[in-house]
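Here is a friendly walk through one protein model. Have a look at the fold first, and then read on.

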Amino acid sequence: MHQVDILVIATPIWPAHPSGLCEWVLEWLNAESSQTDGQGCPLLYGKAAAVAVAGNEDGAHKVSADISQALNDVGVSIAPGAVMYWVGQTQQGTDCQDLDERPQAVADTTRTLAVDTVHLAKLLKEQPCPAG
């Protein structure tokens with residue numbers, strides 16, 4: 001984790017919540033947030049993140065907001081537009097991987113997520129956040 005510039009958190013929706021594995025990763029990142037560099041800056045500062053959510057349940061905004069806040073709490077930065085989701089009909093059997101083609105809105109949002117996150121990662125690399 002300390003070697004990457006960009007972190008992507010992707011999760012299915014489980015009744016308006018991220019998966020248990022996703023929550024475990026966020027808990028692990030929270031534990032890591034207490035580690036600092038030689039100048040007192042948390043090791044997770046200077047990382048850019050993006051969030052992807054998919055599933056057949058309501059709650060994509062809630063799940064992405066919860067993940068985004070958890071990442072912010074540990075010092076990871078999230079660019080504008082760095083969240084995308086696909087939500088099928090509630091309680092139906094079609095998963096995004098089963099679609100014949102990707103919906104244009106999802107493709108456009110995914111492109112924005114990638115471009116904005118890479119841009120932020122470059123800015124953070126060039127001008128790191130100062131230690132508070």
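The report below covers confidence, the sheet, the helices packed on it, the nonpolar cores and one loop.

This is a predicted model, in which local features need pLDDT of at least 70 and side-chain atom pairs count only at pLDDT 80 or more, while totals for chains, interfaces and linings use all residues. Residues are numbered from 1 along each chain as its sequence is written, and side-chain values use heavy atoms, with hydrogens and water left out.

Let us begin with confidence. The chain averages a pLDDT (the predictor's confidence in each residue, from 0 to 100) of 86, and 89% of the residues score at least 70. Helix 1 (residues 20-32) has the highest confidence, at 93, and strand 4 (residues 77-87) the lowest, at a mean of 87. Helices (H or I, at least four residues) and strands (E, at least two) are DSSP runs numbered from the N terminus.

Next comes the sheet. Its 4 strands form an open sheet in the order 2-1-3-4, with mixed pairing; two strands pair if DSSP finds at least two bridges between them. Strand 2 and strand 4 are the edge strands, each pairing on one side only. Strand 3 and strand 4 run parallel and are joined by 7 bridges. One residue pair to look for is A54 with its bridge partner W86 in strand 4.

Helix 2 and helix 3 both pack on this sheet. Contact means heavy atoms within 4.5 Å. Axes are lines fitted to C-alpha atoms, for helices over the stretch in contact, and angles run from 0 to 180 degrees between N-to-C directions.

| Helix | Strands touched | Angle between directions |
|---|---|---|
| Helix 2 | strand 1, strand 2, strand 3 and strand 4 | about 155° with strand 3 |
| Helix 3 (residues 104-126) | strand 1, strand 3 and strand 4 | about 160° with strand 4 |

A nonpolar core is a set of buried Ala, Val, Leu, Ile, Met, Phe, Trp, Tyr and Cys residues joined through side-chain atoms within 4.5 Å. Buried means under 20% relative accessible area, exposed over 50%, and partly exposed in between (1.4 Å probe, protein chains only). The largest core has 16 residues, and L29, I67 and L71 have the most contacts inside it. Helix 2 (60-73) gives the most to this core, with 4 residues.

Finally, the loop between strand 1 and strand 2 holds P15 and A16. P15 has a positive phi of about 25°, and A16 one of about 65°. P15 counts as exposed because its relative accessibility is 55%, whereas A16, at 22%, counts as partly exposed.
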